[in-house]
Amino acid sequence: MGKDVIIACDFAGKKEALAFLDKFTEEKPFVKIGMELFYAEGPEIVREIKARGHKIFLDLKLHDIPNTVKKSMEVLSRLDVDMCNLHAAGTSAMMTAAIEGLTREDGTRPLLIAVTQLTSTSQERMTDEILIDKPIDEVVMSYARTARDAGLDGVVCSPLEAGKVHDTCGREFLTVTPGVRFADGDIGDQVRVTTPERAKEIGSDYIVVGRPITAAVDPVAAYRRCVKEFIG
Ligand code: C5P
């Protein structure tokens, strides 16, 4: 466990994903496989990327009744991923069941990370549609505490929230942070962004970087720049 750059492999299919990873001849980056690639290719894409020597964050954001999540996590633990996630909104009963399902017979398990409030959810929508009548950062910190108390390893959050999550939940509680851009790069559709260097200063444990690497003219150089800025 430790600081690392995770590349968001947001590709439509196996051909594109593997062609991208083929560019990395010297290093084996930590890779995030999201719903798009997983639903297109199934568990085989996880096995194939794992067999190539990459660590894998399987970003499927589970959210269902505790028994269903437990059984699904059992399946994911057999896929030998290194990190997976769920929605903290499923409550502590679901999170505890998830840990039970994820834990292998030998006691090991992938890291389990909670999504608090999606960064696409605004204060207004949360209040009007989900009927949560509290400031959103208070909600995020409360979900983070519940996740920690249920035994999870950390949360997905904005790098700008990483310091506050650590203050609330402890330094050991992991912050996995998307929304990272180079100082001279395109922001795209992200809103609250920061640079790898600043994410390091604030205390992110893992940064998740997609398009600044996948859409770069030289993705390997962009990845190395991220590692240099974030890890040093
Ligand atoms: O291309 P970009 O660097 O914006 O990719 C960020 C990745 O992190 C995407 O896979 C996106 O789905 C994911 N993500 C995010 N914000 C969240 C949770 C996940 O950007 N709150």
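**Around the ligand**

Colleague: How many Å separate an oxygen atom of the ligand from an N or O atom in the side chain of Asp10?
Modeller: Asp10 offers a side-chain N or O atom here, and its partner is an oxygen of the ligand. This is a predicted model, so local features need pLDDT of at least 70 and side-chain atom pairs 80 or more, while totals for chains, interfaces and linings use all residues. Residues are numbered from 1 along each chain as its sequence is written, and side-chain values use heavy atoms, without hydrogens or water. That polar contact (N or O atoms within 3.5 Å) comes out at 2.7 Å.

Colleague: Which residue has a backbone N or O atom 2.8 Å from an oxygen atom of the ligand?
Modeller: Arg181 also has an atom 2.8 Å from a ligand oxygen, but that polar atom belongs to its side chain. The backbone N or O atom at 2.8 Å comes from Gly210.

Colleague: How much of the ligand does the protein bury?
Modeller: On its own, the ligand exposes 460 Å² (Shrake-Rupley, 1.4 Å probe). With the protein there, the buried share is 81%.

Colleague: Which elements each supply at least two residues of the shell around the ligand?
Modeller: The surrounding residues (a heavy atom within 4 Å) include Val208, Val209, Arg211 and Pro212. By DSSP runs (helices at least four residues, strands at least two), the suppliers are β8 (206-209) and α10 (211-214).

Colleague: How far apart in sequence are the parts tied together by Phe30 and Tyr206?
Modeller: Those two rings form an edge-to-face aromatic pair (centres within 6.5 Å, planes over 60 degrees apart), at 5.9 Å and 75°. Phe30 lies in strand β2 and Tyr206 in strand β8, so the separation of the tied parts is 176 residues.

Key: Polar contact = N/O pair within 3.5 Å; in protein donor to acceptor, adjacent residues only side chain to side chain. Phe/Tyr/Trp six-rings, centres within 6.5 Å; stacked < 30°, edge-to-face > 60°.
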